[in-house]
Amino acid sequence: MTTMIELKGVTKRYGNATVVDNVSMSMEKGTITVVVGTSGSGKSTLMRMINRLVPISSGQISVDGKDVMSVPATELRRRIGYAIQGHGLFPHRTVAQNIATVPQLLGWDRARIDRRVEELLNLFHLDPGTFAAKYPSQLSGGQQQRVGVARALAAEPELLLMDEPFGALDPVIRGKAQDDLLAIQKQFGTTIMLVTHDMDEAFHLGDQIAVMSEGKLLQCSEPGKILTEPADPFVQQLTGTSDRALKLMSLLPLKESMQPPRPGLGYSLPQTLNLRDALAEMIWQGADEAAVEDDSKVPVGSISMQHLIELGRKA
Ligand SMILES: Nc1ncnc2c1ncn2[C@@H]1O[C@H](COP(=O)(O)OP(=O)(O)OP(=O)(O)O)[C@@H](O)[C@H]1O
């Protein structure tokens, strides 16, 4: 693994107020780090110091091995994608022109830009023929948000910073946007840092979760560890205790936990489910045991209710 972002003792002060307090953490290439915490805990400020939208008071940030202060801010912002809640689209530019912003600044040729715009619109399920020439005001909030994320991805950045990118989306579109992002991230190997208030989103997307409170980083660990070994009572409170067994199960793929195949089972589940969704399905269907099938509906394993319940136990 190689490190994409390294923060060492990063601090931000406004007058007497320390809004980011001595934060150290690192993010590996090709992973997603989700930052959570109460309102005003310094999440956006932390993120905005990485692309130098906010000057650092003390400490050091390096991106891809280079101190951000040694790279011109404009160059840094062209290399790092940035998507914010409320999308920040240019109202007087079409969807296509919005998405083309950074590639144009980088001097890509017309044909390459057009290809990239079309590819991204398709990727985000926005038909280019319908949407490319529209203005942001002619789109729904969810469509605008997808254009905002497409714009951030346009120049194929290795690093993408996202500040509540799906905040304004309804739950169905939000789930879809999260899955699209995961697919795109896998395809391009992008490193992503994402701020959210939604703990389900954090557990769904994060390879690691960073928990902030009053400017301090309380814990930065893989999601399972955040649940089973919270470093601080606040971490436990923020992630919630009522459904922690189910949250833990949502992190475990059925494929990796199933038992050997057993003939004669009348009910089956796809191996792509996580354990929480498998449990929900089995409760709903009243099944005590199910076959597990691969994409071609060939049985590759089985899972019993008893085994599922054991897998949800703390350690
Ligand atoms: N330009 C500024 N001048 C003074 N104080 C600021 C400035 N920008 C942010 N702050 C303060 O810094 C603190 C952290 O703000 P920040 O936006 O980083 O928090 P956040 O965790 O992202 O909050 P939210 O979840 O509400 O978006 C807040 O108390 C905020 O009022």
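Visitor: Where in the chain does Ser 41 lie?
Guide: Ser 41 lies in the loop that runs between β3 (32–37) and α1. Please keep in mind that we are looking at a predicted model.

Visitor: Why is Ser 41 called buried?
Guide: The relative accessible area of Ser 41 is 1%. Buried means under 20%, so at 1% Ser 41 is buried.

Visitor: What makes the link between Ser 41 and Thr 38 a polar contact?
Guide: The side chain of Ser 41 reaches the backbone oxygen of Thr 38 at 2.7 Å. The cut-off for a polar contact is 3.5 Å between N or O atoms, and 2.7 Å is within it.

Visitor: Which residues does Ser 41 touch, not counting those up to four places away in sequence?
Guide: With those set aside, Ser 41 touches Val 19, Met 212, Ser 213, Glu 214 and Gly 215.

Visitor: Let us turn to the ligand. Which residues surround the ligand?
Guide: Ser 41 is one of them, and Tyr 14, Val 19, Thr 38, Ser 39, Gly 40, Gly 42, Lys 43, Ser 44, Thr 45 and His 197 also surround the ligand. Helix α1 (residues 43–50) gives the most to this shell, with 3 residues.

Visitor: How do the residues of the shell divide into nonpolar, polar and charged?
Guide: The shell holds 2 nonpolar, 8 polar and 1 charged. Gly counts as polar in this scheme.

Visitor: How do you know that Lys 43 makes a polar contact with the ligand?
Guide: An N or O atom in the side chain of Lys 43 is 2.7 Å from an oxygen atom of the ligand. Since a polar contact needs N or O atoms within 3.5 Å, the pair at 2.7 Å qualifies. Backbone atoms take part as well: a polar backbone atom of Gly 40 is 2.8 Å from an oxygen atom of the ligand, and for Ser 41 the value is 3.0 Å.

Visitor: How much of the accessible area of the ligand does the protein cover?
Guide: On its own the ligand has 640 Å² of accessible area, and the protein covers 56% of that.

Visitor: Why is Ser 44 called partly exposed?
Guide: Ser 44, placed in helix α1, has a relative accessibility of 29%. Partly exposed lies between the 20% and 50% limits, so 29% puts Ser 44 in that class. The side chain of Ser 44 also joins that of Asp 163 in a polar contact of 2.8 Å.

Visitor: On to the salt bridges. How many salt bridges does a search of the whole structure find?
Guide: The search finds 11 salt bridges.

Visitor: What makes Lys 216 and Asp 21 a salt bridge?
Guide: Their closest N and O atoms are 3.0 Å apart. The rule asks for a side-chain nitrogen of Lys or Arg within 4 Å of a carboxyl oxygen of Asp or Glu, so the pair at 3.0 Å meets it. The two residues come from distant parts of the chain: Lys 216 is in strand β10 (residues 216–221) and Asp 21 in strand β2 (residues 17–28), 195 residues apart.

Visitor: How do you know that Arg 116 and Glu 156 form a salt bridge?
Guide: Their side chains meet at 3.8 Å, N to O, and the limit is 4 Å, so this pair counts too. Here Arg 116 belongs to helix α5 (residues 110–123) and Glu 156 to the loop between α7 (141–153) and β7 (159–163), 40 residues apart.

Visitor: Is Arg 116 buried or exposed?
Guide: Arg 116 has a relative accessible area of 4%. That is under 20%, so Arg 116 is buried. Its partner Glu 156, at 42%, is partly exposed.

Visitor: What is the phi of Glu 156?
Guide: Phi of Glu 156 is near 50°, a positive value in a residue other than glycine. Lys 297 is not a glycine either, and has a positive phi of about 65°.

Visitor: Why does Lys 297 count as exposed?
Guide: Lys 297, found in the loop between β12 (289–293) and β13 (299–304), has 62% relative accessibility. Exposed means over 50%, so at 62% Lys 297 counts as exposed.

Technical notes: Residues numbered from 1 in each chain as written. Predicted model: local features only at pLDDT ≥ 70, side-chain atom pairs only at ≥ 80, totals over all residues. Heavy atoms only, no water. Helix = DSSP H or I, 4+ residues; strand = E, 2+ residues; numbered from the N terminus. Buried < 20%, exposed > 50% of the residue type's maximum accessible area, 1.4 Å probe, protein only. Near = heavy atom within 4 Å. Polar contact = N/O pair within 3.5 Å; in protein donor to acceptor, adjacent residues only side chain to side chain. Areas by Shrake-Rupley, 256 points an atom, 1.4 Å probe, with all protein chains shown as cover. Contact = heavy atoms within 4.5 Å.
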